[in-house]
Amino acid sequence: MLGKTNDNGSAKSDSFLHQAASNFHATHKNITIKIVEQGGDISANAAQFKAASIAGNGPDIHIQYTGGPTLSFSKYFVDLSEVLGKDTLSQFNGLNTVRKNYEPSGSLLALPYGSGTYFTVWYNKKLLKQAGLDPDYQPTSWQDLISEGQKYHTATGKPAFYVADLEGYVGAWVVAALAAGNLGSTAFTDQYSGKTKINTPAMQQAYTTWSNFFKTGLINKDAGEVSNGDADQGFIQGKAPIYFSGTWGDVGMYQKFKDNVGWSFIPMEQDAKFSDVAAGGPQVAISVTNYSKHQAAAEEFVKYLAEPKTQDLYVKLGQTEGSSNKQGDTSVIKNPLLKQQAEKLKTTQTIVYPFDNVMPQSVIDLYYRLDASTFLGKTTPQSAVQQLQAALDAEQG
């Protein structure tokens, strides 16, 4: 998340966490920050942290995803409201994503880091132009996007969409966005709190649309077998001109394509109640464990991370999201794509914190599996939403 290492374990030059720790140590000689990185398996990492926390020998500071992956471990985290103070917190966006039960007065379980990333559709302008289509195309609806894909397929005989849904991640992004088109900005926090149910017509319709997408014949035939880790490369190689991913890909996309790449947020269906939607939000959460043997030192480091200048360093090195601090220096944003997205978010009418951020980790894991199996027609949309509702009910007791 915040740290980057080479194959030999050394820190990469653009690793924010390593640079922040080094800068912090320069003014706090009595405190040493030891950074331990985990592999990429989210579920395995969560299980490992839970076991360590039960034993009381986990880390002093834990970095995880915001939302459900943070709330799931609420009993192990310090309330940072008093640690950081009202003046500091008043300058932050995204605090709602890490408050216990998503309640405005709930304990602050973590410090949200970065303004967030959002689900997008990417466009290879060169391929669209070669097919006689508008390289600056922007979809007006989901149906319009499919229609554009059909035009490309008709002109070239090739797939219009490159999809890598082995793990169900692409389905997670699309289903969350489409469901928000009918449920609005509080779609999934309302489901978490019980104000609404997961097994609603709107969620079932989103799954139906996703499963119907597979049947269009407009995507790569191996879509259900391609791993997310190989996804960018397929799009970069030109296997199709349209690709689902997110703003976290800004750096790679601009490095490869420069001005030949376009983007949009995932478009809504034609009859959606909310037509202008961006699904996403803060991803990174920094927590202090309440069993830490070095709690005071850990809290000092979190205070340092909360400073505007430290967050500016994060933005400067990453170039994939802005600062979550209202005092952030926007001049450190150099990536043109990130600049465009930041401007677009200012006018977007509905921003929804997505399902796979909001829910408990066990429900998220099931959600990914169902997104993959529904896509391939192995699970019906009705069964998918019923299974998710049952899983949330079981998790919450």
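1. A good residue to start with is Gln 389, which counts as buried because its relative accessibility is 7%, below the 20% limit for that class. Gln 389 is part of helix H17, which covers residues 381-396. Once its neighbours within four places in sequence are set aside, Gln 389 is in contact with Lys 197, Ile 198 and Asn 199. Please keep in mind throughout that this is a predicted model.

2. Next, have a look at Thr 66, in the loop that joins strand E1 (61-65) to helix H3 (68-71). Thr 66 has a relative accessibility of 0%, so it counts as buried. Leaving out neighbours within four places in sequence, its contacts are Thr 97, Val 98, Pro 282, Gln 283, Val 284, Ala 285, Tyr 353 and Asn 357. One of these partners, Ala 285, is 219 residues away from Thr 66 in sequence, yet their C-alpha atoms are 5.0 Å apart in space.

3. Now to the nonpolar interior. In soluble globular proteins, nonpolar side chains tend to be buried together. Here the largest nonpolar core has 69 residues, and the members that touch the most others are Phe 161, Val 163, Phe 213 and Phe 244. Helix H7 (residues 169-183) is the biggest contributor to this core, with 10 residues. A second core of 31 residues lies apart from it and includes Ala 21, Phe 24, Phe 92 and Leu 305.

4. Phe 244 deserves a closer look. With neighbours within four places in sequence left aside, Phe 244 is in contact with Thr 120, Val 121, Trp 142, Leu 145, Phe 161, Tyr 162, Val 163, Val 170, Trp 173, Val 174, Phe 213 and Ile 266. Among these partners are Phe 161, Val 163 and Phe 213, which appear with Phe 244 in the list of core members that touch the most others.

5. Helix H7 also packs against another helix. Its partner is H16 (residues 361-375), with an angle of about 95 degrees and the axes 8 Å apart. H7 is therefore roughly perpendicular to H16, since angles from 65 to 115 degrees fall in that class. On the H7 side the contact involves Tyr 169, Gly 171, Ala 172, Val 175 and Ala 176, and on the H16 side Tyr 367, Tyr 368 and Asp 371. Sorted by class, the H7 and H16 contact has 6 nonpolar residues, 1 polar and 1 charged.

6. How are helices H1 and H12 arranged relative to each other? H1 (residues 16-27) and H12 (residues 295-306) pack at about 110 degrees, and their axes are 11 Å apart. H1 and H12 are therefore roughly perpendicular, and H1 passes H12 in a right-handed crossing. From H1, the residues Phe 16, Leu 17, Ala 20, Ala 21, Asn 23 and Phe 24 meet Glu 300, Phe 301, Tyr 304 and Leu 305 of H12. This contact is made up of 8 nonpolar residues, 1 polar and 1 charged. Ala 21, Phe 24 and Leu 305 from this contact are also among the members of the 31-residue core.

7. His 25 is another residue of helix H1. With a relative accessibility of 31%, His 25 counts as partly exposed. Beyond its neighbours within four places in sequence, His 25 is in contact with Ile 31 and Thr 32. His 25 and Phe 301 are separated by 276 residues in sequence, while their C-alpha atoms are 9.3 Å apart in space.

8. H12 has a further partner, helix H13 (residues 308-318): their axes come within 5 Å and cross at roughly 70 degrees. That angle makes H12 roughly perpendicular to H13. Tyr 304, Leu 305 and Ala 306 of H12 make the contact with Pro 308, Thr 310 and Gln 311 of H13. By class, the H12 and H13 contact holds 4 nonpolar and 2 polar residues, and no charged ones. Tyr 304 and Leu 305 also take part in the contact of H12 with H1.

9. Finally, two backbone details to check. Most residues other than glycine have a negative phi. Tyr 102, which is not a glycine, has a positive phi of about 60 degrees, and Lys 258, also not a glycine, has one of about 55 degrees. Are these two residues buried or partly exposed? Tyr 102, in the loop between helix H4 (81-89) and strand E2 (111-113), is buried, with a relative accessible area of 13%. Lys 258, in the loop between helix H11 (250-257) and strand E6 (261-265), counts as partly exposed at 43% relative accessibility.

Key
Residues are numbered from 1 along each chain as its sequence is written. This is a predicted model: local features need pLDDT of at least 70, side-chain atom pairs count only at pLDDT 80 or more; totals for chains, interfaces and linings use all residues. Side-chain values use heavy atoms; hydrogens and water are left out. Axes are lines fitted to C-alpha atoms, for helices over the stretch in contact, and angles run from 0 to 180 degrees between N-to-C directions. Helices (H or I, at least four residues) and strands (E, at least two) are DSSP runs, numbered from the N terminus. Angles under 35 degrees count as roughly parallel, over 145 as roughly antiparallel, 65 to 115 as roughly perpendicular and the rest as oblique. A crossing is left-handed if the near helix is turned anticlockwise from the far one by less than a right angle, and right-handed if clockwise. Contact means heavy atoms within 4.5 Å. Ala, Val, Leu, Ile, Met, Phe, Trp, Tyr, Cys and Pro count as nonpolar, Asp, Glu, Lys and Arg as charged, and the others, Gly among them, as polar. A nonpolar core is a set of buried Ala, Val, Leu, Ile, Met, Phe, Trp, Tyr and Cys residues joined through side-chain atoms within 4.5 Å. Buried means under 20% relative accessible area, exposed over 50%, partly exposed in between (1.4 Å probe, protein chains only).
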